[in-house]
Protein chains: 2
Amino acid sequence: MLSSISKTLGVAAAIAAITGGSVAAQGAPISAAESDPAVMGWMQGTPPPTDKLITAASPDFFAFPKLRWTVCNIRNLFGTVPTNKGLSPSIPLEYAAPADFADMRQDIDALSFLPIGSETPVSFGEALDLNYTDGILIIHEDKVVYERYSGCLTEDGRHAAMSMTKSTVGLLAEILIAEDSLDENAPVTNYVPELSGSGFETATVRQVMDMTTGIKFDENYDNPDADIWVYSASGTAAAGAAGYEGPVGYMQYLPLVEQVAEHGAEFGYKTVNTDVLAWIVARVTGMPYNEALSEMLWSKMGAEQNAYFSSDVTGTPFAGGGMSASLRDMGRFGLLLLNEGEINGERVFPASAAQSIAAGADPEKFEPAGYTTLPGGSYRSMFWVFHNENEAYAARGMHGQTVYVDPAADMVLVRFSSFPQPKNGVIDPTSLPAYQAVADYLMAR
Amino acid sequence: MLSSISKTLGVAAAIAAITGGSVAAQGAPISAAESDPAVMGWMQGTPPPTDKLITAASPDFFAFPKLRWTVCNIRNLFGTVPTNKGLSPSIPLEYAAPADFADMRQDIDALSFLPIGSETPVSFGEALDLNYTDGILIIHEDKVVYERYSGCLTEDGRHAAMSMTKSTVGLLAEILIAEDSLDENAPVTNYVPELSGSGFETATVRQVMDMTTGIKFDENYDNPDADIWVYSASGTAAAGAAGYEGPVGYMQYLPLVEQVAEHGAEFGYKTVNTDVLAWIVARVTGMPYNEALSEMLWSKMGAEQNAYFSSDVTGTPFAGGGMSASLRDMGRFGLLLLNEGEINGERVFPASAAQSIAAGADPEKFEPAGYTTLPGGSYRSMFWVFHNENEAYAARGMHGQTVYVDPAADMVLVRFSSFPQPKNGVIDPTSLPAYQAVADYLMAR
């Protein structure tokens, strides 16, 4: 079926049709090459022509194809708060010897795999554009073996991490637990009394970390009336301006969230859990979340660039998805997980923090959520755990972002992308098998 | 007179009363210690209390005392465009040997001077708080001999450079002239045809550089109806939103500026000249001004941090005053001028670019502007030239910003501050004599 659809709609739309996305209904999106921001001419010229402007007031600034420019330029449009690396010199990532690097790049590009639900093989190199990849970095045995930039991204640029931001919060919470500064079994109100009377009142820190809270929060991005949009509005600059009557900032919204089901029973992907967890981290560390991330990771991992967060008018970072960071720094984040807290020969956090994430959660609580591309998986501490042979797990963000950690293959794979549709279920078919193919290749090498 | 006023109003207000400022009429502002952002509690807490918020929608976000937080946090409130240093390691500034550094700091703090128009001596150390200093760096014979941070500024922070931004544009234009890429005697319309039919049509590049254009542009910040506010509005995010009917972005505003007097006759401080010059630099270099600054200076001077600019909705940086940078990087900028294009043993630009600035312009064209604290001075290529014994010149920005270059004393002095009032005429009495006192001390040492 895929091949007949793809003849008329293009491969991305064909995948969307198969996996239930909505692009097919609207016609096929233009290709990665056609939608390259430089080709489109977004924000080019002094000044750019009116029809090439992307502004915070553009209703479609985060819709494809403008998305392909915006993911690298969030800070150009909005106020942001920093996660500084500090003034110490960056510690460069190690690279494979040039000849090996060239060989492996050629080999990896040629790797063939079957997309989920397809009988037609695709090469890793072909899949880069099918996935609208902006940057991809593969680290094996502590050395970079593959690195590419395209679309809006350059080595000195930063890209929206989207929901991979959540995984930074999960890791920080795990570190605080490992250091006995945070009790995962305590009610969240022990740390954030403001949540008393809300749907979070009887939830534990662990339930928030694993998103098993029974709160009411509709996060279907395709539904314009979903709670996520009201939540987003509380985080905009307009929430501080005249005429706005909703909650001002995330921390005014969160206490309004209601409970509709038992806590701890099932996984449900609800971003507000992350912002509650970041609030807890802020209270335990005594600093805003973006500064805690600087203190606990960015200033200690030899980062090359500062990261930054979109924030609400109170300066509270959007921990659920507001971080932008460089490709290589996300690689450092992945290395810290893979190597259980060590990087550059130094221990940054206790090994148990990473081990707790890698172990995953209960797949039975995950199964009802119906993620067809993640059979047998679980969600633990804001990470997606595959429970596959390689014991891989990942940070994932919409439009195709990932930090994929594969302990068996001693591999970290980071991908930034700007796939036309948001849901990873649409993007996984040409992604997850490709990562497994690289893991297989590296293990066999 | 000063002493009797200062008893009732405080010294800053007394200076204001003497020099024609408006604070005296409103009562004395609170002191530097009292207005410290940490003491005031601005944006402290998770979340900060409502009465401690500073947002882009706060009508007084750039008024004292909120100003004292905002000057370090422009990027938290607004979209910005970067001037990247690139990924090469920073080249640290050299410091005087620790014992010398400690000695000189003690000596410099104790230096006594008479403020302009006063008979009461003040010490350099006392003047720091009188001037609401946020950061000060003194470099002598290529070594840092004095460095302090206070208020909102830290060594890894960045501070609004205000109109010192203009001086970066003036230097870039001088570099392009020295490299024969720009003709200072050509009409500006040779580079920016969009200015045909405007008040700039018959102006030359040099007239724009020295602000001797006879254009109509009221820049009295105390007048709420001044042109500068209309210009500022064209640069806000609101200029891209529904309901706004004015020019969208600086480059739509500039062609609307009219001519009211002969070009070349007299100096008149009009910020639009700088944005025209930055437009010229953008056309000659083929990149937005903020990127040209990265390419020509920030990536070549061993900078420690990226700088950034507030920008309009077209992504055009506010070259007239929108840059934020670190104290040490402004020191590098000053060193490049003092050492005529060389830093870290490398030539970054031709010596003639700095020499052209240092030579100054015609004081007779400057005199009618009536800057009482700058007698005999001139304005050349967006720098203020004192024509004093030491042949000093400076980048200057409102609320007390300066990069003061003193060739005779082989000294660069950078000061970031957040003085309650904008005009430097009010701040100079406790500043310029203090700088001269340091120069005298360093020359005698």
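Student: Which residues of helix H11 of chain B are buried?
Tutor: This is a predicted model: local features need pLDDT of at least 70, side-chain atom pairs count only at pLDDT 80 or more, and totals for chains, interfaces and linings use all residues. Residues are numbered from 1 along each chain, with chains lettered from A and ligands numbered from 1 in the order written. H11 of chain B covers residues 227-234; helices are DSSP runs (H or I, at least four residues) and strands are too (E, at least two), numbered from the N terminus. Buried means 20 or more other C-beta atoms, placed from the backbone, within 10 Å of a residue's own, and in H11 of chain B that fits B:Asp227, B:Tyr231 and B:Ser234.

Student: Within what arc do the buried residues of H11(B) fall?
Tutor: Look down the axis of H11(B) and take the directions from it to the C-beta atoms. The buried residues line one face of the helix, because they fall within an arc of 55°.

Student: How many residues does each chain give to the contact?
Tutor: Residues are in contact if their C-beta atoms, placed from the backbone, lie within 7 Å. On chain A's side, helix H6 (74-77), strand S1 (80-83) and helix H13 (272-285) each give two or more residues. The count from chain A and from chain B is 35 residues and 35 residues.

Student: What kind of axis relates the two copies?
Tutor: Superpose them by least squares on C-alpha atoms with pLDDT of at least 70 in both. Chain A lands on chain B with an RMSD of 0.0 Å after a turn of 180° and a shift of 0.0 Å along the axis. So the copies are related as by a two-fold rotation axis.

Key: Contact = placed C-beta atoms within 7 Å. Buried ≥ 20, exposed ≤ 12 C-beta atoms within 10 Å, placed from the backbone.
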